[in-house]
Each structure stands twice: as structure tokens, then as C-alpha cells.
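User: I am new to this structure. Please walk me through it in short questions and answers.

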Amino acid sequence: MKIDLHTHTSFSDGTDKPSELINKALAAGITVIGLTDHDSISGWQEATNSLRPGISLVPGAEISCQTTDGISVHILGLLFDSSNSELMNTLEKTRENRHGRMEKIIARINEAGIDITMNDVLAQLSDGATLGRPHLADALVKKGVVASRDEAFTQMLHNNSKYYVSHYSPTPEAAIALIKAAGGVSVIAHPMASHRGRTISLETFGSLIDSGLDGIEVDHRDHSPDEKKQLISLASESNLVMTGASDYHGNGKLNSLGEYTTNPDEWERLESRANARRVITV
Ligand code: AMP
Ligand code: ZN
Ligand code: FE
Ligand code: FE
């Protein structure tokens, strides 16, 4: 088994369509693929239609969250019931709020004398996709302001930038509760990816565990060997599932499919915590 539980498509800020993702995953020898677009489940249908024997789909979403002290946290919700209206409404509210937030970021960039419009950004977005800073990055590349998505982030769009504006997001505790109420499981994504901005304290970790967090994404390219060690101790102490995943974004990032994977025993433990069997196969 080769299990990659965290990937993105053009329904958020990835560059592959769900059908392309499934084809590439098959070619990479992946047998279980998690689809976790930001704040959206819009890619599930196409991914399901693209399945073939040998690969199964773990439907999910990467939920943008913010702690009460303003730290950005990503919670992977997997195997939840998509007819749960509380969870779906929260995702929708986040997606809508991302538009007003983008207008504000653009206004700040315009104030600095850089000419870019909302239409330039929306032109980089696929139909029905969750809007995010990577689309602004792509628009800045197209305008010749920066050379790549990565340069856009390191120079202008990182979380500590003067242009940065956050958007509505639930707290991670609320997201974990919503996922659980919808029968799914929650895994905190790249909890120690410090280059993205401030990361959560041990206290906040405790609060997430008390709220019902199921797992920790340990193996991820944004974690150092030392950070992984700390996360492994934390997971063992609290009996949490440990996952590994690529956080694949197509051409949008260097991350390659299956570069980190989840141990089959850990996956089995995680999957059994959902309230129904929701892995999709053909
Ligand atoms: P947003 O959701 O709009 O706040 O944008 C955050 C997203 O930007 C994350 O999900 C990352 O995948 C992406 N991102 C962050 N840093 C980089 C980078 N250096 N290069 C490409 N994408 C990035
Ligand atoms: Zn992303
Ligand atoms: Fe993330
Ligand atoms: Fe991600």
C-alpha cells in the first residue's frame, strides 16, 4: 500500500484537475489518495468518476482555521458526511470571505504602487475553485512583478508581510468538532511549518486533543527531522495517529505525489475512527 492523504487540485490552489491527480497517483503507485482541497469538496465528484481498480479515494478537505490568538492552522478533515449542513456552511462562509479578503490584499499592494486588479487574480482561478494567495501569486507572475509563485510568497505574500490580511475561519477546536459531528476524522496538517508564520504552542495542541483531534501530520516536507521527533513523542503520548503526506499542488509547488506517505497500520487506525466506511473504490 502507498498512502498519500493530503493533495490539492484546481478546485483550490493545485494545478491538476482531479482526473489528472488520480491518473498521476496511479502512475506513481499510490493505492490510497486523500483529496483535500482548501475549504472545498468540489473536486470529489470528478475524482470519484476518475477512479479505477487499484486506487481508492479518501474524500476530504483542508480546513483553514485561526486560533483565538491569530495563528493560522490547517485541519485536514477526512471521511466526513458531505450532507452535514453545519460543516458545509462553514466551508462556504470561509470560501466567500476569501473574496473580500483578496480585495483588501490587492488594495494594499496597489497602495505600494503595484498595478494588479481583482480581475487579474480571478483570471487565474478555475471555475468553482477556492480563491487563495497562490492565485494572486500567479497573477503577479503574469504581470511580470515576480518570477514564480515561490518568489511571490517569499517577497510579498507570506503571513508576516505588510500586505497580509486574514479571512474568516473557524477556530481549529470548532473545525475538529464540526468534522467529528459529521462523522469524519481530523488531522492537523504541517503543525510545525514555521516558515509559514507562527505555529501553535503545546497548550493549543492540548486544547485540540481535548476537542477530539484524531491525528498529526508528522511526515511533511516542511518539518525538520527534529520537529518530526517532537511530533512523534506528542502523538505517542496522546495516542494520536501519525500520518505522512505530500501536500501535492501540481506545478504550484515542488512537492511531488507520494513524497511522504502514511504507514498502513496508522491509516487503518485513522479510518476506523470515522463513524462509517467512506473510502470510495470502484
Ligand atoms: P491562503 O489559503 O490564501 O491563505 O494561501 C495559503 C496557501 O498558499 C497554502 O495553502 C499554500 O499551499 C500556499 N503557499 C504558501 N507558501 C507558498 C509558496 N512559497 N509557494 C507556493 N505556494 C505557497
Ligand atoms: Zn494550498
Ligand atoms: Fe496547508
Ligand atoms: Fe495543503
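Analyst: First, a term. Donors are N, O and S atoms within 2.8 Å of the metal (3.2 Å for Na, K and Ca); water is not among the atoms, so sites may look incomplete. This is a predicted model, where local features need pLDDT of at least 70, side-chain atom pairs count only at pLDDT 80 or more, and totals for chains, interfaces and linings use all residues. Residues are numbered from 1 along each chain as its sequence is written, chains are lettered from A and ligands numbered from 1 in the order in which they are written, and side-chain values use heavy atoms, with hydrogens and water left out.

User: Which protein donors does the iron ion (ligand 3) have?

Analyst: Along the chain, the donors follow the spacing E-x11-H-x115-H. They lie 2.0 to 2.2 Å from the iron ion (ligand 3). The donors are Glu62 (OE), His74 (ND1) and His190 (NE2).

User: Where in the chain do His74 and His190 sit?

Analyst: Helices (H or I, at least four residues) and strands (E, at least two) are DSSP runs, numbered from the N terminus. The two histidines link distant parts of the chain, 116 residues apart. His74 is in strand β4 (residues 72-78), and His190 is in the loop between β5 (185-188) and α8 (202-210).

User: Are His38 and His249 buried or exposed?

Analyst: Both serve the zinc ion (ligand 2) as donors, through NE2. Buried means under 20% relative accessible area, exposed over 50%, partly exposed in between (1.4 Å probe, protein chains only). By that rule, both His38 and His249 are buried.

User: What separates the iron ion (ligand 3) from the zinc ion (ligand 2)?

Analyst: The zinc ion (ligand 2) has protein donors from Asp13, His38 and His249. The iron ion (ligand 3) has Glu62, His74 and His190. The separation between the ions is 5.6 Å.

User: Why is helix α5 (residues 133-142) largely enclosed by the rest of the structure?

Analyst: Among its buried residues are Arg133, Leu136 and Leu140. The buried residues pack against α3 (85-111), α4 (118-122) and α6 (149-157), where contact means heavy atoms within 4.5 Å. The helix is largely enclosed because, of its ten residues, the number buried is eight.

User: Which residue follows α5 with a positive phi?

Analyst: The phi is near 80 degrees. The residue is Gly144.
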